[in-house]
Amino acid sequence: MSIGLGLIGTGFMGKAHALAYRAAGAVFGDLPEVHLACLCDTPRDRAEAMARQFGFAGWTEDWRELVESADVDIVSITTPNALHREMAMAAIAAGKHVHCEKPMALSLADAREMEAAAREAGVRTIVGYNYIHNPAFAHASRLIEAGAIGRPVHFRGVVDEDYQADPDLAWTWRAKRSEAGLGTLGDLGCHLVSMAIGLMGPVESLVADTQIIHADRPLADGSGRAKVENEDAASAILRFRTGAQGVLATSRSAWGRKNKLDFEVHGTKGMIAFAQERMNELQLFVNEGDQARQGFRTILTGPQHPPYGAFCPAPGHQLGFGDLKTIEVAGFLNAIACGGAAYPDFTAGLAFEAVIHAIDASARDEQRVHL
Ligand SMILES: NC(=O)c1ccc[n+]([C@@H]2O[C@H](COP(=O)([O-])OP(=O)(O)OC[C@H]3O[C@@H](n4cnc5c(N)ncnc54)[C@H](O)[C@@H]3O)[C@@H](O)[C@H]2O)c1
């Protein structure tokens with residue numbers, strides 16, 4: 001069985017997807033073969049150059065042509081947020097499987113429409129929540145399920161970067177709701193939510209506050225200043241359906257932070273801590289044995305933590321960001337081959353994104369929101 005890939009976009013995520021679709025079969029072995037059928041970007045000469053670099057058979061500057069191509073079975077969408085809905089809806093209408101970068105859409109209503117359309121069409125979908133494919137994350141999940149830290153009672157999560165910290169940075173589409181949707185919540189916060197839900201289960205309710213730190217920014221052409229319409233920072237207190245509590249904080253204006261995506265899960269018997277910038281390890285504390293000898297243990301990931309062993313037979317040699325995309329793609333190809341759901345599909349992605357929109361709504365209305 002050979003599956004044709006159509007990739008839209010060749011930026012940060014476009015390249016990550018291209019590499020992952022090329023690598024997945026070589027890493028995992030038991031996947032359907034992928035034919036790199038068509039690549040789309042604008043202008044056309046960029047599409048051609050990137051198609052040659054990534055090894056695609058064809059290229060176009062018209063994404064609709066890619067979607068309609070008989071050679072394309074999967075449409076991979078790595079364009080800016082404002083284009084996801086239209087591209088995904090067209091791909092679903094053409095009966096294609098869809099790999100969409102996060103966030104799915106600018107608004108929850110649009111994400112709902114995409115989820116319903118995919119479900120009704122019976123196509124497979126996956127959203128680019130790559131961090132939950134980390135073997136260290138899967139191990140944290142297994143430890144919690146096995147009761148290693150007792151009953152999980154409190155999730156603490158932070159996701160910070162500093163790409164919007166500089167007040168003199170020029171205004172871009174990222175600051176405009178009609179083009180970017182949410183701010184740090186849509187860009188960073190949704191990843192943290194995917195981890196919180198993955199470990200603690202569904203969110204029942206939350207109360208939140210958000211902040212625009214830099215109210216306006218200079219226009220790149222020097223003609224004046226434009227308003228920042230979406231949040232630079234957000235904080236939320238969550239109640240999970242299990243009764244456990246959560247605290248989330250995110251900022252795109254946190255000087256010095258490059259990809260701080262950290263969580264702790266506190267349990268009645270111990271705690272697990274993880275930091276994305278040290279993505280190959282977990283910290284585990286268990287309250288057992290002689291208290292004088294207690295302390296946090298560092299667990300380095302290795303072949304005992306699937307699917308690490310598919311990449312490397314030796315522990316502690318470390319996986320990287322791109323490997324998480326390869327695991328994501330392998331899960332998607334498996335779902336297509338077996339006819340099951342990939343994780344997180346549009347239904348799971350919608351549940352993550354309902355939380356970021358609830359945080360935004362709670363802050364705006366100054367009210368607790370029930371999901
Ligand atoms: N999963 C993750 O960890 C992660 C990380 C970064 C970005 N993202 C998401 O990926 C998406 C893209 O972000 P990026 O950082 O790769 O952006 P980028 O600007 O690096 O790349 C976007 C690409 O889309 C292309 N493009 C724009 N309009 C197009 C059109 N009409 N037709 C064809 N191609 C078009 C651009 O030319 C560019 O190649 C965003 O939704 C973002 O939120 C996810």
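These legends go with a set of close-up views of a predicted model.

**View 1. An edge-to-face pair between phenylalanine 28 and phenylalanine 311.** The structure holds nine aromatic pairs, and here is one of them: the rings of phenylalanine 28 and phenylalanine 311 sit 5.8 Å apart centre to centre, with 85 degrees between the planes. Phenylalanine 28 belongs to helix α1 (residues 12-28) and phenylalanine 311 to helix α9 (residues 308-311), so this contact ties together parts that are 283 residues apart in sequence. Are these two rings buried or exposed? Neither label fits: phenylalanine 28 counts as partly exposed at 23% relative accessibility, and phenylalanine 311 is also partly exposed, at 22%.

**View 2. A stacked pair, phenylalanine 263 with phenylalanine 274.** In this pair the ring centres are 5.3 Å apart and the planes make an angle of 25 degrees. Phenylalanine 263 comes from strand β13 (residues 260-267) and phenylalanine 274 from strand β14 (residues 270-275), 11 residues apart. Phenylalanine 263 is buried because its relative accessible area is 2%, under the 20% cut-off. Phenylalanine 274 has a relative accessible area of 4%, so it counts as buried too. Pull back a bit and you get a cluster: ring pairs link Phe263 and Phe274 with Phe137 and Phe155.

**View 3. A negative patch and its neighbourhood in sequence around helix α3.** Which residues gather in the patch of negative charge on the surface? They are Asp45, Glu61, Asp62 and Glu65. Glutamate 65 is part of helix α3 (residues 63-68) and, with 48% relative accessibility, counts as partly exposed. Tryptophan 63 lies in helix α3 as well, but this residue counts as buried, at 13% relative accessibility. Look for cysteine 40 here too: its C-alpha atom is 5.9 Å from that of tryptophan 63, although the two residues are 23 apart along the chain.

**View 4. A nonpolar surface patch made by Val207, Ile237 and Val247.** The patch covers about 190 Å². Valine 207 contributes from strand β8 (residues 203-211), and its relative accessible area of 30% makes it partly exposed.

**View 5. Two cis peptide bonds, each leading into a proline.** Most peptide bonds are trans, which is why a cis bond is worth a close-up. One cis bond runs from threonine 42 to proline 43, with omega near -10 degrees. Proline 43 sits in the loop between β2 (33-40) and α2 (44-54). Another joins tyrosine 343 and proline 344, where omega is about -5 degrees. Proline 344 is in a loop as well, between α10 (321-338) and α11 (346-365).

**View 6. Positive phi at glutamine 318 and glutamate 366.** Most residues other than glycine have a negative phi, so positive values deserve a look if you're checking backbone torsions. Where is glutamine 318? You'll find glutamine 318 in the loop between α9 and α10, with phi near 80 degrees. At 46% relative accessibility, glutamine 318 counts as partly exposed. Glutamate 366 has phi of about 50 degrees and lies in the loop between α11 and β17 (369-370). With 74% relative accessibility, glutamate 366 counts as exposed.

Key. Residues are numbered from 1 along each chain as its sequence is written. This is a predicted model: local features need pLDDT of at least 70, side-chain atom pairs count only at pLDDT 80 or more; totals for chains, interfaces and linings use all residues. Side-chain values use heavy atoms; hydrogens and water are left out. Patches are made of residues with over 30% relative accessible area and no salt bridge: like charges are joined within 9 Å, nonpolar side chains (Val, Leu, Ile, Met, Phe, Trp, Tyr) within 5 Å. Accessible areas come from the Shrake-Rupley method with a 1.4 Å probe; for residues, only the protein chains shown count as cover. A salt bridge is a side-chain nitrogen of Lys or Arg within 4 Å of a carboxyl oxygen of Asp or Glu. Lys and Arg count as positive and Asp and Glu as negative; His and the chain ends are not counted. The place of a charge is taken as NZ of Lys, CZ of Arg, CG of Asp or CD of Glu. Helices (H or I, at least four residues) and strands (E, at least two) are DSSP runs, numbered from the N terminus. Buried means under 20% relative accessible area, exposed over 50%, partly exposed in between (1.4 Å probe, protein chains only). Rings of Phe, Tyr and Trp (its six-membered ring) pair if their centres lie within 6.5 Å; planes under 30 degrees apart count as stacked, over 60 as edge-to-face and the rest as tilted.
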